[in-house]
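I opened my notebook on a structure I had not looked at before. The plan was to go through helices, sheets and rings and jot down what turned up.

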Amino acid sequence: MSSRPHRGTVLVSGAGVAGPLLAHWLDRAGFAVTLVERAPGRREEGQNVDVRGAAREVLRRTGVEQAALAAHTTEEGTAFVDEHGRRRAVLPAAQGESDGATAELEILRGQLSGLLLDLPAQRTEHVFGDHVTDLAEHADGVSVTLASGERREVDLVVVAEGVGSRTRGLVFPGDHLRPLGMYCAYVTIPRTPDDDRTWRWYNALEGRSVHLRPDNTGTTRALLNFLSPTRGLADLDAGAQTTVLRRVFRGAGWETDRVLAALDDTPFHFEDLAQVHLDRWSSGRVVLLGDAAHCASPISGLGTTLGLTGAYVLAGELATALARGRSHTDAFAAYERRVRPFATRAQALPPGTPALANPRSRRHRRALWAGARVLTSRPARALGGLTGRFTHPPADAFTVPDYPDLPGRAA
Ligand SMILES: Cc1cc2nc3c(=O)[nH]c(=O)nc-3n(C[C@H](O)[C@H](O)[C@H](O)COP(=O)(O)OP(=O)(O)OC[C@H]3O[C@@H](n4cnc5c(N)ncnc54)[C@H](O)[C@@H]3O)c2cc1C
C-alpha cells in the first residue's frame with residue numbers, strides 16, 4: 001500500500017470516459033474513490049471518438065498515449081460519396097495532433113473507456129449496475145443513497161454521467177438540454193470487401209445522411225443521421241426505433257439498405273443530439289464533469305477531448321487545493337474557470353449545424369461537396385489546417401496546466 005496521504009473520499013458517478021480518468025488521477029493523488037456505473041458492466045457501445053490537442057497531452061501524462069494510438073480505428077480520411085459510391089470530395093486524415101475530420105488519435109469509445117478503467121488504482125472501488133437515487137449534503141460530507149439501497153458517506157460527489165445524466169437533476173433541477181434537431185443511430189455491421197479505410201459519408205437528401213467507417217475489430221461502424229423537429233424518439237423501445245429508422249431511410253439509396261437490414265440482429269445506440277448548458281457546474285460538495293456539465297454533441301468532435309481535459313484539471317485542482325489547505329469550493333471554482341471557456345468554444349458549432357451537413361436538396365448537397373473541395377485545395381492547405389478549423393474549433397487552444405501536487409507516473 002502506498003504511503004501517500006489519504007486526502008478524502010470521492011464518489012464518481014459514471015464510468016464512461018471522463019469518470020474513469022478522474023478516478024485514476026484522484027487515486028494517484030491519494031483520494032479513496034468509488035466509481036459507480038449504472039450499466040451492469042463496461043459499455044462497449046459507441047463508435048469513433050477523437051482525442052485532440054490538450055487531451056493528447058493528458059493521455060501522455062497519464063501514460064496511455066501509446067496504448068491509445070495502438071488502438072487506432074485505422075481510418076485514413078473522409079470521402080463524401082454520391083448514390084453510386086463515387087467520391088465527390090475527400091478530406092484527408094489529420095497529420096498533426098488536431099487537424100482533419102479524422103483525428104490522428106481516433107479510437108473506439110468503448111476501447112478508450114476500457115483502457116482508462118484498466119489504469120492502476122490503489123484505493124478505487126468499481127461498482128457496476130447501481131446508481132445514485134438521493135444525495136443529502138451535510139456539514140462534513142454527502143450521504144449518498146444508491147438504488148441497491150446501499151448508503152455511502154463521502155466527502156465529495158462528481159457526476160460524470162454523460163448528456164442524459166439523472167443525478168444532475170437532483171442538484172440542478174430543470175431542463176438543461178438544448179436539442180439540436182437531429183437523431184443519430186450507431187450500428188455495427190459486418191464488414192464487406194468493399195469497405196475500405198475511408199469514412200464514407202453519403203448525403204441522402206431530405207436531411208438524412210448515412211456513414212460507414214472502418215474499425216480495428218473487423219466490423220464496420222455505420223451511422224444513420226436525420227433531422228427531425230419531433231422529440232422523444234430516443235425514449236422509444238428498440239423495436240419502435242427500428243420502425244422509425246426504416247420509415248425515415250426508405251429509398252435513401254447507396255448502402256442504406258445494408259445498414260437497415262442489420263437493425264434486427266444487432267443492438268444499436270440511438271441518440272437525440274443535444275447540448276448541455278448550465279450556469280454553474282458545482283453546488284456545495286457536488287460537481288459536474290464531462291458531457292454531464294457541458295455536452296457539445298458528437299458534431300463538435302470535441303466531447304472526448306473536453307471530458308479528458310476536464311477530468312485531469314479537476315483532479316489537479318482538488319489535489320492542489322487540499323495540499324495547500326484550501327477547500328473543495330476553491331478547487332471546483334478553479335476547475336470551472338479553466339475549463340468553461342474551452343467548453344463554450346466547443347459548443348459554438350458552425351452556423352447552420354447540423355442542417356448544413358445534412359442537405360435537403362441536391363443544390364445544397366453540391367454546395368457542400370464544393371465547399372469540402374475548396375477546404376482541401378492546395379491554396380487552402382497552404383493557409384494551414386483549414387479542414388480542422390471547419391470541422392471543429394481548435395483543441396490545442398487549451399494549455400494543460402502543470403500540477404506539482406498531482407503525482408507523476410513514477411509516484
Ligand atoms: C454508449 C455511448 C456511446 C457513445 N458513442 C459516441 C460516438 O460514437 N461518438 C461520439 O462522438 N461520442 C459518443 N458518445 C459520447 C462520448 O463518449 C462523450 O461525448 C465523451 O467521451 C465524454 O464522455 P463522458 O465520460 O462525459 O460521458 P459518457 O461517455 O457519455 O459516459 C457517461 C457514463 O455514465 C453512465 N451513466 C449514465 N447515467 C448514470 C447514472 N445515473 N449513474 C451511473 N452511471 C450513469 C453511462 O452509462 C456512461 O457509461 C457515446 C456515449 C455513450 C454513453
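**Entry 1: H9 against H10**

I started with a pair of helices, and H9 passes H10 in a right-handed crossing. A reminder to myself: this is a predicted model.

I looked up the geometry next. H9 covers residues 303–323 and H10 covers residues 328–347; they pack at an angle of about 160°, and their axes are 8 Å apart. An angle over 145 degrees counts as roughly antiparallel, and H9 and H10 are therefore roughly antiparallel to each other.

Which residues of H9 and H10 meet? On the H9 side I noted Thr305, Leu306, Thr309, Gly310, Val313, Leu314, Glu317, Leu318, Ala321 and Leu322. On the H10 side I noted His328, Ala331, Phe332, Ala334, Tyr335, Arg338, Val339, Phe342, Ala343 and Ala346. I sorted the contact residues by kind and got 14 nonpolar, four polar and two charged.

**Entry 2: H1 against H2**

Then I turned to helix H1 (residues 18–28) and helix H2 (residues 53–62). Their axes come within 12 Å and cross at roughly 45°. Angles from 35 to 65 degrees fall among the oblique ones, so H1 and H2 are oblique to each other. The crossing of H1 past H2 is left-handed.

I listed who touches whom: H1 brings Leu21, His24, Trp25 and Arg28, while H2 brings Val58, Arg61 and Thr62. The tally for this contact is three nonpolar, two polar and two charged.

**Entry 3: the sheet of three strands**

Next page, sheets. One open sheet has three strands in the order E8-E9-E10, with antiparallel pairing. Why is one side of E8 and of E10 left without a neighbour in the sheet? Strand E8 (132–138) and strand E10 (151–154) stand at the edges and each has a single partner strand, so one side of each stays free of a neighbour. Neighbouring strands here are turned by 20° against each other on average, direction ignored.

I checked the joins one by one. E8 and E9 run antiparallel and are joined by six bridges, and a hairpin leads from E8 to E9 through two residues. Between strand E9 (residues 141–146) and E10 I found four bridges, again with an antiparallel run.

Thr145 caught my eye. Asp134 stands opposite Thr145 in E9, and Thr145 also stands opposite Arg151 in E10.

**Entry 4: the sheet of seven strands**

Another open sheet has seven strands, and I wrote down the order as E5-E4-E13-E14-E15-E12-E16, with mixed pairing. Strand E5 (87–92) and strand E16 (269–276) are at its edges with a single partner strand each, so each has one side without a neighbour in the sheet. From one strand to the next, the twist averages 20°.

How many bridges join E14 to E15? Seven bridges join strand E14 (residues 208–214) to strand E15 (residues 219–227), and the two run antiparallel. I picked out one bridge: Val210 has Leu224 in E15 as its partner.

**Entry 5: aromatic rings**

Last job, the rings. The structure holds eleven aromatic pairs. I looked at the pair of Phe226 and Phe270: the ring centres are 6.4 Å apart and the planes stand at 35°, so the pair is tilted. Phe226 sits in strand E15 and Phe270 in strand E16, 44 residues apart, and the pair links distant parts of the chain.

How values were computed. Residues are numbered from 1 along each chain as its sequence is written. This is a predicted model: local features need pLDDT of at least 70, side-chain atom pairs count only at pLDDT 80 or more; totals for chains, interfaces and linings use all residues. Side-chain values use heavy atoms; hydrogens and water are left out. Two strands pair if DSSP finds at least two bridges between them. Axes are lines fitted to C-alpha atoms, for helices over the stretch in contact, and angles run from 0 to 180 degrees between N-to-C directions. Angles under 35 degrees count as roughly parallel, over 145 as roughly antiparallel, 65 to 115 as roughly perpendicular and the rest as oblique. A crossing is left-handed if the near helix is turned anticlockwise from the far one by less than a right angle, and right-handed if clockwise. Contact means heavy atoms within 4.5 Å. Ala, Val, Leu, Ile, Met, Phe, Trp, Tyr, Cys and Pro count as nonpolar, Asp, Glu, Lys and Arg as charged, and the others, Gly among them, as polar. Rings of Phe, Tyr and Trp (its six-membered ring) pair if their centres lie within 6.5 Å; planes under 30 degrees apart count as stacked, over 60 as edge-to-face and the rest as tilted.
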